[in-house]
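Visitor: I have a structure open and would like to learn how to read it. Could you walk me through it?

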Amino acid sequence: MNILGINAYHGNASAAILCDGKLIAAVEEERFNRVKYAAGFPAAAIGYCLEAAGITLKDVHHVAVPRNPYARLGTKLLYALRMPSFARERMKVLAKFTGIREALAAAFATDPTALSAQFHRVEHHIAHLASAFYCSQFEEAALLSADGLGDFASSMWGAGFGRRMKIHGSIAFPHSLGLYYSAVTQYLGFLKFGDEYKVMGLGAYGEPEFLEEFRDIVHSNGAGFRLELAYFTHHRTGPEMTWADADKTPVLGKMYSERMAQSLGPVRDPAAPIEQRHKNLACSLQARLEEVYLGMLSRLAAETGMESVCLAGGVAFNCVANGKITASTGFKNVYVHPAAGDAGLAVGAAQFVWHQLLGNPREFVMEHAYWGPEFSREEIRAVVRASRFSESGCTVDELPEEELLRKTAAMIADGKILGWFQGRAEWGPRALGNRSIVADARRPEMKEILNRRIKHREIFRPFALSILAEKTSEWFEQAHPSPFMTMAYAVKPEMRDKIPAPTHVDGTGRLQTVTATANPRYWKLIRAFEEQTGVPVVLNTSFNDNEPIVCKPQEAIACFERTHMDALVLGDFLITRG
Ligand SMILES: [Fe+2]
């Protein structure tokens, strides 16, 4: 039985396919149309999923769409009466959703009546929870989706038992931890969709000087939290998000009110320098988020009596907060879906249909995140041949694995910056060793070099790292797995000088724990690096330059040529700049 999950007309448009309950493929539309966080209809992603499963649209039995326009209809109507512009926007979205069968048929030049699939609407947060629980290894677990907004709610929690999930509660619009973070991110002068993680990185340079003020912006209560709405505008204007178009990155309207500046001081102009006050504000924002988020998780641990928790939703990308869960909430194990944001809804909605609606048992565990496109040795060889590297003074070698890894590790140890392209593309926003830029974590200057030569990011943003999973406890204060780079842990004080490049100013590192089973070749590369240097850690950043992560070999080569990487490994090919 084939189930297609589609996140459409929403940020991070994506598709996923389950065949007899097993995930076969999952990918974001942005990887194909090269528009970051692309919304619209994910026709290319769906096409790839069908191809990977070896089926056509006519072979799809169920289509799962992670949105239910009828959820919280009463609240929506209330807001629609108060805000006509909001009502018009909702009507447009609703019209698009009712046309999903037609859009699907049109994208694949099929007659809509020829589609035998049954269509299901799965509420946004239920799909988030499903993506976390059904992909986890836990038979029983507590569940939390903490997010900006979806189907008029911002959070939902409950518990999963085998094939079933039970919802215990939710928090509805306009109260939202995600929108709280987004509004303060805007106030601090970071206006782009997805800029929250920049502010999270900035927070490490500050002190929580404004924590009391932030406690007045987000109040804790029995349900979890409530926003002091005087600081915001989204409850009056509606959540202004422009994201129906596939060729555009979503845009958010202004979300903070004048009260924010009255309480916290002047709004930062995006072009203005970052002062200590801004760092303290970012730190206080994060500190209050952690109080509320970890407080919700503590209550959930007490309420369910469970040891494990599964997380999804945009807030579940807050790796700094996630790193504190096992120490401060009562949970011993944490699973975060690698695409915890809205891309992951495609997987969750499909799994909800398979397990909860159709009652099938669980057999699948998502142990790695490599569910995207891959390219054969022949395809890569043809692209390399067509690229005329020799004319640009590059050396090209096709090498057996052991030699490839030894030479690559030696180049990293020698301070070279490498593009590393292998196997299937990662699902979710993190490069996890198949579309990565890899560099020497031991060199303090590496962060600055990477920023100057390749990534062009704000200097205050930390770089992430990959570590051999079995070595985690030697280098970090805790050793819980973080296979999808969703945790930041404290680096042991005596190790911080040994891996200065990815160690953040507060002594933490955002880590990917790499096992030999999840990614054998990447594990062997880090192992080869350890053999040569004694350090089982490499700096790992996504293979891109202000664009979606590269997907095809051609894009990897274009990025390599455009930037100043020293070498590129494409499958078995080592391409070195002359
Ligand atoms: Fe969401």
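Guide: Happily! Let us start with metal donors: these are N, O and S atoms within 2.8 Å of the metal (3.2 Å for Na, K and Ca), and since water is not among the atoms, sites may look incomplete. Here the donors of the iron ion follow the spacing H-x3-H-x18-D-x194-D along the chain. A word on the source: this is a predicted model, where local features need pLDDT of at least 70 and side-chain atom pairs count only at pLDDT 80 or more, while totals for chains, interfaces and linings use all residues. Residues are numbered from 1 along each chain as its sequence is written, and side-chain values use heavy atoms, with hydrogens and water left out.

Visitor: Which residues coordinate the iron ion?

Guide: His-124 and His-128 each do so through NE2, and Asp-147 and Asp-342 through OD, at 1.9 to 2.2 Å.

Visitor: Is His-128 buried or exposed?

Guide: Buried means under 20% relative accessible area, exposed over 50%, and partly exposed in between (1.4 Å probe, protein chains only). His-128 has a relative accessible area of 0%, so it is buried. Asp-147 counts as buried too, at 6%.

Visitor: What does Leu-297 contact, beyond its neighbours within four places in sequence?

Guide: Contact means heavy atoms within 4.5 Å. By that rule, the partners of Leu-297 outside that stretch are Leu-144, Val-309, Leu-311, Ile-325, Thr-329 and Phe-331.
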